[in-house]
Amino acid sequence: MKKVALITGASSGIGLELAKLHAYKGGDLVIVSRRMEDLQTVAELIDSKCQSKIYCIAKDLSKRGAITEIYNEIKSQDIEISYLINNAGFGGQGYFYERDWECNRDMMEVNMFALTELTRKFLPEFIERGSGKILNTSSTAALMPGPLQAVYYATKAYVTSFSNALASELEGTGVTVTVLMPGATETKFATKSGMDKTELFKNPVPASKVAKEGYEAMMQGRLEIISGVPFPLNLFLKLSPFLSKKKLLDYIKKNQQIEQVN
């Protein structure tokens with residue numbers, strides 16, 4: 001019996017690469033994104049290379065009630081989910097007191113609430129079966145505060161903290177939780193968040209590499225994976241909570257400033 005992976009934010013970037021990877025390994029998919037036409041393009045792309053069954057659900061995860069609708073639709077199709085991949089998320093740059101509140105509210109809905117509610121929907125049946133894997137896409141942003149992206153960094157800190165706590169609760173159940181923390185990655189995130197011309201995104205890592213490392217970590221049942229970050233910076237990120245907050249904040253703020261175009 002093929003394993004079915006439910007992947008949010010599957011129409012581009014890391015989510016698309018995770019969908020391709022799972023399908024190419026012989027699994028079936030339920031893919032979720034805001035626009036059906038984008039999902040159908042993904043389904044056609046994957047279907048041309050493998051024989052996976054792909055079910056598309058178009059939902060805006062920033063809207064309350066979307067998660068219940070997704071869950072009910074999956075149940076109505078009698079689809080059993082084996083892997084839950086909470087990948088959807090977005091960011092935005094600017095001073096907190098100047099940014100549009102609705103944009104920040106939607107960011108929190110997608111990055112935190114949708115992920116948490118979807119996990120709550122499927123986790124009881126995972127535990128009852130004694131099997132199941134959860135992969136939550138966080139960010140290296142989770143490991144430090146982020147001036148000029150205060151809400152985004154905070155949402156990713158939530159994802160990482162939530163995943164670690166959940167993993168502890170699930171010990172001995174047969175269910176594992178993995179949190180993927182990518183560095184700067186080649187996705188639409190940079191452009192949409194206004195980060196594409198900043199120092200942090202000068203040399204982004206391919207989304208396919210990040211997805212591969214995250215997927216393999218999930219399959220191995222590993223708790224955390226920092227992906228797409230050179231070793232010295234990887235170590236710096238792990239140690240960052242113990243460093244001078246003033247120096248750390250100055251470093252992040254400097255590297256998130258948009259370059260001046262002559």
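**Close-up 1. Strands S5 and S6 pair in parallel in this predicted model.** Strand S5 covers residues 132-137 and strand S6 covers residues 175-182. The two are joined by 6 bridges. One residue to find here is Asn136, whose bridge partner in S6 is Val179.

**Close-up 2. Seven strands make an open, parallel sheet.** The strand order is S3-S2-S1-S4-S5-S6-S9. Strands S5 and S6 therefore sit side by side in this order, with S4 next to S5 and S9 next to S6. The edges belong to S3 (54-58) and S9 (224-227). Each edge strand has a single partner, so one of its sides has no neighbour in the sheet. On average, neighbouring strands are turned by 15° against each other, ignoring direction.

**Close-up 3. Helices H2 and H3 pack on the sheet.** H2 (residues 36-47) lies across S2 (28-33) and S3. The helix runs at about 165° to S3. H3 touches S1 (4-8), S2 and S3. The direction of H3 makes about 150° with that of S3.

**Close-up 4. Helix H3 crosses helix H4.** H3 spans residues 66-76, and H4 spans residues 101-129. Their axes come within 9 Å and cross at roughly 35°. The crossing is right-handed.

**Close-up 5. Side by side, H3 and H4 share a mixed contact of nonpolar, polar and charged residues.** H3 contributes Ile67, Thr68, Tyr71, Ile74 and Lys75. From H4 come Ala114, Glu117, Leu118, Lys121, Phe122 and Glu125. By class, the contact holds 6 nonpolar, 1 polar and 4 charged residues.

Conventions: Residues numbered from 1 in each chain as written. Predicted model: local features only at pLDDT ≥ 70, side-chain atom pairs only at ≥ 80, totals over all residues. Heavy atoms only, no water. Axes fitted to C-alpha atoms, helices over the stretch in contact; angles between N-to-C directions. Helix = DSSP H or I, 4+ residues; strand = E, 2+ residues; numbered from the N terminus. Left-handed = near helix turned anticlockwise from the far one by under 90°. Contact = heavy atoms within 4.5 Å. Nonpolar A, V, L, I, M, F, W, Y, C, P; charged D, E, K, R; others polar. Pairing = 2+ DSSP bridges.
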